[in-house]
Amino acid sequence: MLGLVLRRISGPPARLSARSARPFGSSPPPEMSAASVRSTFLDFFQDKHRHRLVPSSPVRPRGDPSLLFVNAGMNQFKPVFLGTADPRSEMASYQRVVNSQKCVRAGGKHNDLEDVGRDVYHHTFFEMLGNWSFGDYFKKEACCMAWSLLTEHYGIPADRLYVSYFAGDAVSGVPADEETRHIWLEIGVPPGRLLPFGPKENFWEMGNSGPCGPCTEIHYDHVGGRDAAALVNSDSPEVVEIWNLVFMQYNREVDHNLRQLPQFSVDTGMGLERLVSVLQGKRSNYDTDLFTPLLHAIHQRSKVGPYGGRLGAGGPGKVDTAYRVVADHVRTLSVCIADGVHPGMSGAELVVRRVLRRAVRFCAEVLQAPQGTLASLVPTVTHILGGVYPELHREQNRIMDVINENEAHFLSSLQHGSRLIQRTLNRKDYKHGVFPASVAWSLHRDLGFPLDLVDIMLEEKEVQVDREELDRLMKESQKVTSGLQSGVPSQVTLDILSLAELHRRGVPHTEDGLKYQYRLDKDRYVFPACSATVLALYAGHTLVSEVTEGQRCGVILDQTCFYSEQGGQSHDRGYFTRDGLQDVVYPVEAVVLAGGYVVHEVTATDYLKTGDQVQLHLDQVHRLSCMVNHTATHLLNFALRKVLGASVQQRGSKVSADRLRFDFSVKKSLDKSQLQQVDRCVNDIIRANHIVHSQELPLREANRIEGLRTVDEVYPDPVRVVSVEVQVSELLEGETGRETSVELCCGTHLLQTGAIEDLLIVSERQTVKGISRIVAVTRRDAKRAREEGQALSQEVSSLSARMTDSAPSSIDAAQRFAKEVGLLSDAVDNTPLPQWQRSDLQGRLKALQRTSNTAVRKLEAREAALIAQRLLEKAGRKALQVDSVETDSLSILMKTVNQLSAAAPHSYVMLLAHQRHSGKVLCACQVPKDSPTLSACDWAGAVCRHLGGGAGGSVLVAKGTGTSGDIAEALGWAEEFARQETQL
């Protein structure tokens with residue numbers, strides 16, 4: 001039986017035999033280069049076993065908010081496992097697949113960041129070699145192919161290999177995987193090398209629910225010539241797992257029960273770095289040719305000795321740890337930045353920032369390498385990995401720029417943080433030996449300080465962080481982050497078993513072509529009527545035949561005119577009515593696409609059952625607004641590329657009825673001239689009222705179109721091509737010679753650009769270094785924003801003229817100007833208006849703010865000088881001067897104290913004032929520089945507490961307020977306190 005299986009999957013039996021592996025022996029496998037190891041794997045499955053080679057997906061997951069990064073080879077194939085892949089897409093046709101996937105494990109559930117460097121096998125970036133079967137071959141074929149590749153093609157001696165399998169789980173009632181055990185025995189694995197393990201080691205699950213199944217793992221003994229069975233799965237560096245074969249045969253339900261899947265699949269994963277270490281006879285991944293060129297390059301730039309492979313936290317071990325950290329992290333940074341994940345302040349971007357800063361620290365502190373070292377290693381990474389991941393070659397310069405800019409910013413932050421730590425330690429309220437956790441957390445969260453760096457800097461000063469409070473702050477932050485990441489999932493989702501049940505019942509995929517069948521009639525869009533039959537209802541997690549009033553459900557129809565949310569465009573709005581019950585409306589709350597079925601999420605307002613006839617009523621205003629903004633997004637994409645150059649790459653978009661958002665790669669924010677050029681380019685196309693053409697084409701044919709813009713998505717086949725002005729057929733012929741907007745897009749678009757009327761960029765900022773986000777509005781919203789910009793510009797000009805023509809003669813007048821500037825600044829910051837104009841007005845207002853602040857300071861200084869002169873004339877220059885003055889300004893009070901102290905440097909000076917509008921008592925004081933016993937902070941604090949308030953400041957100067965009190969009594973109390981402290 002096994003021979004028949006082998007012949008079916010691999011051709012003649014001579015090519016692969018269950019017992020044709022290398023004889024048992026103790027010699028290590030022959031050495032191969034990493035590139036050869038990778039290509040041998042891919043060629044083995046592609047050429048010998050008819051697998052389709054699928055390129056690695058980017059490390060940013062496609063439409064999967066549960067992941068920060070792609071962390072396993074199967075991530076990009078989740079739609080196939082879950083049955084949600086678009087049936088028209090190439091992915092839906094996958095049966096046998098092989099690839100080498102870029103993976104990052106540096107955040108979230110799988111996080112190896114802090115382990116990197118401490119040992120010789122953890123990495124934040126690694127390559128996962130994998131082969132998959134989606135309803136094709138299963139356990140026998142997978143095991144036979146794996147054994148053949150390892151022992152025959154890689155030449156690994158069979159006696160170095162051990163195999164584990166699932167021993168069953170009595171708690172969940174899952175039986176042992178005896179089928180896999182018998183397959184391995186038939187292949188020739190000795191019983192003593194075939195080891196059973198429980199669910200922790202040998203049962204794989206995608207998450208809390210979803211496809212899962214037993215797995216079998218192949219382990220390698222680096223030593224050989226012995227029985228090492230006891231070391232399998234014991235965390236021994238001598239016996240390591242090299243390949244995991246997962247057999248997807250169950251579905252974990254929401255209630256945690258297991259149900260058998262309608263289609264079995266295979267998901268295997270083998271880490272390239274570990275496999276290369278085995279085939280090159282190395283115990284350490286860092287001793288392989290994936291890392292040695294990097295380690296050599298690091299040594300050339302550092303001021304320490306060459307890499308020696310040592311472990312440990314101190315001495316030579318610390319230096320070699322730094323080598324490993326930098327080598328690993330620069331690979332991660334290069335791959336992430338090339339895929340559009342830049343250092344930032346949240347999510348995956350925050351993780352990349354931490355990776356970069358950790359690498360910079362080790363470069364500077366341990367390796368003593370100059371600034372710029374990290375970026376200078378990128379060409380070496382490109383040399384090692386660029387052959388299989390060509391985006392590294394394309395993006396090399398940008399990667400280096402991003403690393404250099406972020407390194408410079410971090411080094412600046414280190415200086416800022418050092419000053420902040422010192423200021424905190426100098427504060428009077430600082431508790432000796434215990435550093436405030438809030439300050440440590442702020443250093444970490446806001447300035448990007450690794451917490452261990454904070455510990456090191458404090459340790460030098462014999463201080464420790466309040467660890468209990470810091471842990472509390474970290475947990476609070478994690479709760480907030482996990483809440484933001486999880487979002488609010490749809491209550492109505494189709495799982496793989498429900499989709500399989502729909503197929504079993506013969507429910508056809510939803511025909512949704514009507515969403516494109518609208519037309520123009522005398523400049524008015526006419527949308528088609530749509531009648532449909534209810535084919536299926538989904539409530540909770542179950543297919544049902546009927547729902548009642550108030551029940552939330554998913555409705556699947558035979559056809560629909562509603563657009564389901566995809567491609568960055570919001571779903572349509574509208575409602576159903578049921579035949580025979582036209583006055584009862586079923587509002588459609590969301591529309592989603594799952595495995596070819598369009599699911600309309602509805603809260604039933606009356607009885608609804610399968611077989612019912614319904615009329616679909618589209619919210620045409622909402623749809624038309626989405627069409628306007630989607631077509632406008634295409635024009636914006638084209639204009640950005642035309643103005644900024646071909647290097648601009650789309651990194652995301654969101655189209656809704658009220659606005660559009662567009663993320664793209666660019667080194668820095670656009671200046672005023674660039675924003676205006678983009679504005680003109682888009683609006684020229686709008687005014688030209690070009691026809692918007694669309695046509696479905698085979699995906700391979702569409703990809704031949706010159707200038708075609710695509711994003712990292714799985715496209716259906718055939719695919720819809722949307723082109724402005726030039727017909728798609730002309731673009732295919734390639735003879736137009738005209739630049740135009742042409743994209744693969746499933747969205748709904750205008751038929752002519754003139755309906756956009758106007759497009760205006762109202763916001764543009766860098767979300768992270770190298771990625772900008774534009775927010776734009778169209779039609780009436782754009783017109784209103786232009787009018788608001790014009791009105792605010794006039795207000796700023798008017799204020800500027802008034803401030804220039806009449807310099808304020810009083811503090812009140814100067815403060816009124818300052819308040820006007822502040823109010824206008826808030827309006828400019830928060831009102832939709834042209835972004836180029838916002839930047840211009842913000843610059844003008846900052847200049848006016850400086851002018852008004854200068855005027856206020858000068859007038860306050862003049863007022864303070866007059867008050868100080870009167871006090872000096874009244875009391876002279878005394879060693880202790882405590883008095884009251886008339887002013888409502890704490891700033892003037894402080895300036896008066898400064899002037900008195902300047903006139904009498906050895907005097908202790910305190911002034912109080914009654915603030916009329918608030919009823920508070922203002923307090924300001926200053927003490928001599930050489931005051932041995934009384935600090936200004938202590939003096940002001942005591943007096944303000946006596947008045948029911950509080951104060952703050954430094955050793956020399958302080959200020960504060962009291963809630964109320966008798967000033968005359970307070971003056972006496974303040975003077976007596978100072979005399980007792982100073983013995984004056």
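**Notebook: the core and strand E6**

I began with the nonpolar cores of this predicted model. The largest one has 118 residues, and those with the most contacts inside it are Phe41, Leu150, Tyr154, Ile218, Trp243 and Leu374. I then checked which helix gives the most to this core: helix H9 (residues 315–338) does, with twelve residues. Another core, of 32 residues, lies apart from it, and I noted Met627, Ala632, Leu636 and Ile686 among its members.

Next I picked Ile218 and looked up its contacts, leaving aside neighbours within four places in sequence. The list includes Ala146, Leu150 and Trp184. Val240, Glu241, Ile242, Trp243 and Leu245 are also in contact with Ile218, as are Leu161, Tyr162 and Val163.

Those last three took me to strand E6, which spans residues 161–166. Is E6 mostly covered or open? I found six of its six residues buried. On one side I have Leu161, Val163 and Tyr165, and on the other Tyr162, Ser164 and Phe166, so to speak a strand covered on both faces.

Then I went through the partners of E6. Strand E9 (residues 210–221) runs antiparallel to E6, and four bridges join the two. Here I met Ile218 again, as the bridge partner of Val163. Strand E7 (residues 194–197) runs parallel to E6, also joined to it by four bridges. In E7, Leu195 stands opposite Ser164.

Last, I followed the chain from E6 to E7. Helix H5 (residues 178–187) completes a β-α-β unit with these two strands, and I noted its hand as right-handed.

Key. Residues are numbered from 1 along each chain as its sequence is written. This is a predicted model: local features need pLDDT of at least 70, side-chain atom pairs count only at pLDDT 80 or more; totals for chains, interfaces and linings use all residues. Side-chain values use heavy atoms; hydrogens and water are left out. Buried means under 20% relative accessible area, exposed over 50%, partly exposed in between (1.4 Å probe, protein chains only). Two strands pair if DSSP finds at least two bridges between them. A crossover is right-handed if, with the strands pointing away from the viewer, the path from the first strand over the helix to the second runs clockwise. A nonpolar core is a set of buried Ala, Val, Leu, Ile, Met, Phe, Trp, Tyr and Cys residues joined through side-chain atoms within 4.5 Å. Contact means heavy atoms within 4.5 Å.
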